[in-house]
Amino acid sequence: MPFGRIPRFSPSFSPKEALLSARYLLRDGPDDEIVAKFETEFARYIGADHAVMVPSARYGFYLLLKAMGIGEGDEVIVPAMTYFAIPAMVPLTGAKPVFADIGLQTHVIDPAAFEAAITPRTKAVVPTHLFGTPCDMDAINAIAKKHNIKVIEDCAQSTGARYKLKRVGNLGDCAYYTFGLTKNITTLSGAMITTDDAAVADSVRAAIDAGDFGDKNKLAKEVVTGLAMFVATHPKVYWATVHPAVVVGNKLGKDPIHERFGEAECRYDAVPKKYQTNGRARAVQAAVGLSQLGRIEGLNGARIRNGRSLDEALAHVPGLTVPAYPEDAEPIYMSFVAHHADRDGLARELRSRGVDTTVGYMSDLSDHELFAEYRSPCPNAARAFKELLHIPVHPNLREKDLRHMAEAVRASVMALS
Ligand SMILES: Cc1ncc(COP(=O)(O)O)c(C=O)c1O
């Protein structure tokens with residue numbers, strides 16, 4: 001980036017896809033045909049038999065629980081560090097969420113903690129491939145099989161990641177994905193479920209088909225937001241506009257990006273009332289999805305190249321802990337999450353050197369007021385929540401940006417010591 005200013009994130013949505021969106025938003029054609037095509041292509045990409053577009057991953061997860069007959073008196077094991085809307089869905093079925101700790105450096109569910117959380121009421125586990133990192137699926141599947149527990153993969157941050165050469169989403173009983181504007185691939189808004197179980201797919205599809213189509217005006221707003229993100233994070237614009245605003249905002253105690261996107265609500269004070277339960281997919285979402293799926297290897301490939309470069313460059317910085325990955329996992333580096341005891345100091349130092357970072361929006365849910373009834377200590381999630389920092393890893397970084405970042409991290413850590 002000119003002048004060494006590096007945004008925390010950059011969208012995969014392109015101006016070409018904005019034009020494509022406009023065409024589909026303005027036409028009056030049917031929605032179903034191209035949605036079915038996207039579902040088929042997506043299922044093929046993952047290696048699953050069935051895929052169904054859903055309005056949100058959380059609602060897809062809820063429908064999967066219902067489709068598998070999970071409800072009153074049952075327990076569902078979720079990692080302590082995940083997106084809060086997922087455990088929030090479990091009580092809506094009558095079941096209880098049970099938190100299991102994560103690996104401190106992998107950030108994904110620890111198989112031993114999963115096994116320890118099992119009771120005779122456990123019906124499902126949600127291995128969440130957080131930050132693009134696949135869970136240790138052999139261990140999880142072996143434990144699940146022994147106890148007759150369903151495996152629902154959370155691929156919301158990991159579309160395209162692989163474990164033992166198979167794509168995540170093809171490793172358990174069923175899976176969900178999400179494609180908001182900040183994800184590695186986007187459909188503007190919307191999500192997907194996949195499964196090999198025809199009865200589960202039919203049950204989800206019946207619930208979706210009973211709802212109304214998504215609102216075209218809202219989708220048009222997403223197109224505008226996507227374009228605005230593209231422009232704002234463009235090197236020629238970012239250094240002179242957004243970065244100074246972020247620096248000044250933080251000096252005044254407010255982060256404008258957090259304010260705009262709600263990321264600062266790491267401790268969420270309420271479960272949102274709206275679960276996006278309504279919204280059959282529109283043609284425009286599928287058209288953008290097909291375009292993005294056609295580019296996914298390039299988009300993920302750039303993340304992987306950048307992530308590996310950071311893994312190598314930051315491996316031996318004193319006081320900084322870099323991520324680790326389960327054996328046989330091929331992460332897509334949706335995020336590059338490092339730990340430092342003075343995380344906020346590190347973020348401040350990096351900002352002063354032109355690198356913007358974020359604490360993201362994951363929390364230790366096992367010690368969260370929203371889940372007070374289901375509290376259980378998960379020390380790794382508690383520590384990660386205090387120490388983690390997302391270092392930029394998005395596909396638009398260049399070699400020299402990566403070099404600049406590595407130097408900035410080293411200098412920032414030194415300045416704090
Ligand atoms: C790990 C994880 N799971 C689930 C979700 C929920 O996705 P949605 O907003 O589509 O419900 C998210 C959202 O970003 C997420 O990051």
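Reader: Which residues are exposed on the other side of α6, away from its buried ones?

Author: They are Ala 142, Lys 145 and Lys 146. A residue is exposed if 12 or fewer other C-beta atoms lie within 10 Å of its own, buried if there are 20 or more, and partly exposed in between, with C-beta atoms placed from the backbone. Keep in mind that this is a predicted model: local features need pLDDT of at least 70, side-chain atom pairs count only at pLDDT 80 or more, and totals for chains, interfaces and linings use all residues. Residues are numbered from 1 along each chain as its sequence is written.

Reader: And what makes the buried residues of α6 line one face of the helix?

Author: The buried ones are Met 137, Ile 140 and Ala 144. Looking down the axis of α6, they fall within an arc of 65°, so they line one face. That arc is taken from the directions from the helix axis to the C-beta atoms. By the way, helices (H or I, at least four residues) and strands (E, at least two) are DSSP runs, numbered from the N terminus.

Reader: What covers those buried residues of α6?

Author: The cover includes α5, β5, β6 and β7. Here, contact means that C-beta atoms, placed from the backbone, lie within 7 Å.

Reader: What kind of unit do β5, α6 and β6 make?

Author: Together, β5, helix α6 (residues 137-146) and β6 form a right-handed β-α-β unit. Right-handed means that, with the strands pointing away from you, the path from the first strand over the helix to the second runs clockwise.

Reader: How do you know that β5 and β6 pair?

Author: Two strands pair if DSSP finds at least two bridges between them. Strand β5 (residues 122-125) has two bridges with β6, in the parallel sense, and Ala 124 has Lys 150 of β6 as its bridge partner. β6 is also joined to strand β9 (residues 174-178) by three bridges, running parallel. There, Glu 153 has Ala 175 of β9 as its partner.

Reader: Why is β6 called mostly covered?

Author: Five of the five residues in β6 (150-154) are buried. Lys 150, Ile 152 and Asp 154 point one way, and Val 151 and Glu 153 the other way. In a regular strand the side chains alternate between the two faces of the sheet.

Reader: Why do β8 and β11 stand at the edges of their sheet?

Author: The open sheet has three strands in the order β8-β7-β11, with antiparallel pairing. β8 (166-167) and β11 (329-330) each have a single partner strand, so one side of each is left without a neighbour in the sheet. Two bridges join β7 (residues 162-163) to β8, and Arg 162 stands opposite Arg 167 in β8.

Reader: Why does Glu 327 count as exposed or buried?

Author: Glu 327 has 9 C-beta neighbours inside 10 Å, so it counts as exposed. You'll find it in the loop between α12 (283-314) and β11.

Reader: What about Asp 328: buried, exposed or in between?

Author: Asp 328 has 14 C-beta neighbours inside 10 Å, so it is partly exposed. Asp 328 also sits in the loop between α12 and β11, and has a positive phi, near 70°, though it isn't a glycine. Most residues other than glycine have a negative phi.

Reader: Which class does Tyr 333 fall into, buried or exposed, and why?

Author: With 28 C-beta neighbours inside 10 Å, Tyr 333 counts as buried. It lies in the loop between β11 and β12. Among the residues Tyr 333 touches are Gly 132, Arg 303 and Val 393. Tyr 333 and Val 393 are 60 residues apart in sequence and 7.1 Å apart in space, C-alpha to C-alpha.

Reader: Last one: which residues come nearest to the ligand?

Author: Of the 14 around the ligand, the nearest are Ala 57, Arg 58, Tyr 83, Ala 156 and Thr 178. A residue is near if its C-beta atom, placed from the backbone, lies within 6 Å of the molecule. α3 (57-67) and α4 (85-89) are the elements that give two or more residues to this shell.

Methods: Contact = placed C-beta atoms within 7 Å. Lists of a residue's contacts leave out its neighbours within four places in sequence.
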